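Take a moment to look over the sequence and the three-dimensional structure shown here, and keep both within view while reading. The paragraphs after them go from a bound molecule to the spaces around it and then to an enclosed space elsewhere.

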Amino acid sequence: MNSPIEVIKNEKGILLRNHLDKGKKKKWRFFTQNQDAICVLTLDGQFVLVNSLFENMTEYSVDDLIKKKFQSLSHIESLDKVFNYFHRAVLGQVQNFDCKMINKSGKVIDLNISIIPIIEDDEIIGVYIAAKDITEFKKKKIEIRKLEEFHRVLTENVLDIILSTNLLGKVIYVSPSCKHLLGYNSDELIGKHFSHFIHKDDLERAISDREMLMAKFEHIRGSYRFQKKDGTFIWMESIGHPIIDPDTQNLLEVISIIRDITERKKTQGLLLNSEKLTIAGQLAAGICHEVRNPLTAIKGFIQLIEARTDNKQFFDIINSEMNRIELILNELLILAKPNEIKFVIANIKTLIEESKTLIDTLAIMNNIQIEIINEIGDLSVNCDKDQIKQVFINFLKNAVEAMPEGGKITIELLKLNEEKLKILIKDTGTGIPQPILNRLGQPFFTTKETGTGLGIMISKQIIENHSGTLQFWSDKNGTVFEVILPL
Ligand code: ADP
Ligand code: MG
């Protein structure tokens with residue numbers, strides 16, 4: 001004997017089948033033309049009808065399925081959910097939810113399920129189920145999330161600034177690196193026009209670069225000065241990329257990667273400087289030979305004329321000017337000679353004492369005392385003796401010239417480590433103001449009426465040819481030149 005509930009169920013089952021028979025042609029066609037997998041279930045979930053997509057998806061045939069209940073296909077993880085939503089649908093509400101199902105071969109499929117109650121004469125007699133396979137979609141979603149995460153980590157951690165601007169040129173995104181490069185927080189820049197932080201002298205170029213990018217859809221590279229929050233400027237290189245809608249081919253926004261190139265600019269400057277020096281060196285060799293020979297001839301003839309004339313008043317001037325030309329030529333010649341360096345092992349203390357001896361007279365005349373503090377004893381270096389002496393003479397001469405009122409020069413010889421030697425030449429002179437300090441070592445840069453502006457440059461070159469380094473510091477109490485040489 002069937003229970004009353006069984007009886008009701010059976011009655012409803014019959015109603016459902018009748019309903020389907022009646023409406024089968026119209027309604028079922030509507031469902032089967034659908035892109036989704038569709039089935040009809042009785043109120044307790046028994047399969048009554050399935051379309052071919054449902055068969056394909058579950059890999060069960062209709063005959064297999066009508067012996068089953070929908071719930072039996074559910075993955076254990078989704079079982080609760082399926083029961084729950086199914087129950088609510090049976091009470092008359094359309095339901096939609098995601099769940100996992102297992103097909104005949106055991107594969108787990110992600111589904112989006114809609115359950116629609118079938119109502120006839122105000123009575124719910126069964127449900128339609130439309131199932132969408134969202135396995136791929138879910139995979140894509142996970143991939144997108146991963147990509148987003150990757151993108152986030154990338155943009156938040158690169159040292160360059162990643163900047164996105166809309167077609168009007170307003171910032172819509174900027175990576176957090178703008179804080180340490182420009183001093184702004186990202187949100188301070190959002191909504192601002194890009195021209196806001198570009199130097200006015202570079203703005204025209206930046207705008208025309210951007211117009212070019214927007215017209216040709218090509219990426220454009222340009223260097224501009226960017227203004228920091230504190231008002232100062234830094235050189236940055238920006239590479240702008242157009243972002244194009246793949247469907248409409250319209251430009252959507254411009255993404256720029258912006259890099260600090262202060263260091264690169266500096267190196268470029270240094271390279272340019274060393275290029276200049278090389279050329280000066282090459283020129284020097286030529287000039288010296290070309291000028292020296294005629295000069296010797298002229299000198300000879302002048303002496304001849306001087307001997308034969310009574311009017312000697314101009315000869316002093318001519319001779320002193322001649323000597324000056326010779327002085328410059330001699331300094332230039334050192335510059336031209338680096339190939340002829342003769343390395344020998346020499347006692348550095350002796351070299352310094354010899355240099356001092358050469359300067360001593362000049363020092364005494366200027367009321368200057370020169371002291372040598374030797375902490376290295378008799379250490380030797382591999383060097384060209386004349387050139388190293390030239391270096392110390394240059395520095396000592398500069399020191400003397402910096403102390404017109406007299407003062408003190410201290411030469412310290414120290415051991416930096418097992419391989420290196422440090423020599424300090426300190427004076428108590430007028431010091432070198434910052435703008436001049438920056439230009440020290442440039443050829444022909446001098447502040448003296450009779451200077452050549454070659455001393456420091458040549459000294460530096462000689463030291464570098466000896467694999468050493470030269471540094472200097474200066475303030476109003478005097479100047480220190482530091483020479484480091486390998487032992
Ligand atoms: P010059 O001595 O012919 O001027 P240098 O290359 O030797 O050329 O020096 C360049 C300039 O550097 C000098 O004109 C001077 O202004 C500055 N200078 C060099 N050494 C000193 C020093 N010890 N104290 C102050 N100024 C210095
Ligand atoms: Mg000098």
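What follows is a walk through the ligand, the pocket and the cavities of this model, which is a predicted one.

Begin with ligand 1, which sits in the largest pocket. Around this ligand there are 20 residues, and the closest of them are Asp427, Thr446, Thr447, Lys448 and Thr452. When the shell is sorted by class, 8 of its residues are nonpolar, 9 are polar and 3 are charged. Three elements, namely α12 (385-401), α14 (455-465) and β17 (478-486), each supply at least two residues of this shell, and α12 gives the most, with 3 residues.

It helps to look next at individual atoms of the ligand and at what lies beside them. An oxygen atom of ligand 1 is 2.7 Å from an N or O atom in the side chain of lysine 448, a residue that is also listed among the closest to the ligand. At isoleucine 456 the partner belongs to the backbone instead of a side chain, for a backbone N or O atom of this residue lies 2.9 Å from an oxygen atom of ligand 1. The side chain of threonine 479 has an N or O atom that is 3.4 Å from a nitrogen atom of the ligand. How much of ligand 1 does the protein bury? Taken alone, ligand 1 exposes 530 Å², and the protein buries 93% of that area.

Now turn from the ligand to the pocket that holds it. The largest pocket contains about 740 Å³ of space. Its lining is made up of 32 residues, and those closest to the centre of the pocket are Asn398, Glu401, Thr446, Thr447 and Lys448. The elements that each supply at least two residues of this lining are α10 (315-336), α12, α14 and β17, and α12 gives the most to the lining, with 6 residues. By class, the lining of the pocket has 13 nonpolar, 14 polar and 5 charged residues.

The remaining step concerns cavities. Rolling a probe the size of a water molecule over the atoms shows where empty space is left. A search of the whole structure finds 4 cavities of 30 Å³ or more, and the largest cavity has a volume of about 210 Å³. This largest cavity is lined by 16 residues, of which Phe194, Arg210, Tyr224, Ser238 and Ser256 lie nearest its centre. Two or more lining residues come from each of β6 (161-165), α8 (200-216), β8 (220-227), β9 (233-244) and β10 (251-260), and α8 gives the most, with 4 residues. Sorted by class, the lining of the largest cavity divides into 10 nonpolar, 4 polar and 2 charged residues.

Key: Residues numbered from 1 in each chain as written. Chains lettered and ligands numbered in written order. Predicted model: local features only at pLDDT ≥ 70, side-chain atom pairs only at ≥ 80, totals over all residues. Heavy atoms only, no water. Near = heavy atom within 4 Å. Polar contact = N/O pair within 3.5 Å; in protein donor to acceptor, adjacent residues only side chain to side chain. Areas by Shrake-Rupley, 256 points an atom, 1.4 Å probe, with all protein chains shown as cover. 1 Å grid on protein atoms, 1.4 Å probe; cavity = no way out; pocket = protein on both sides within 12 Å on 5 of 7 lines; lining within 4 Å. Sits in = over half its atoms within 2 Å of the grid points. Nonpolar A, V, L, I, M, F, W, Y, C, P; charged D, E, K, R; others polar. Points joined across faces, edges and corners; volume = space filled by probe spheres on them.
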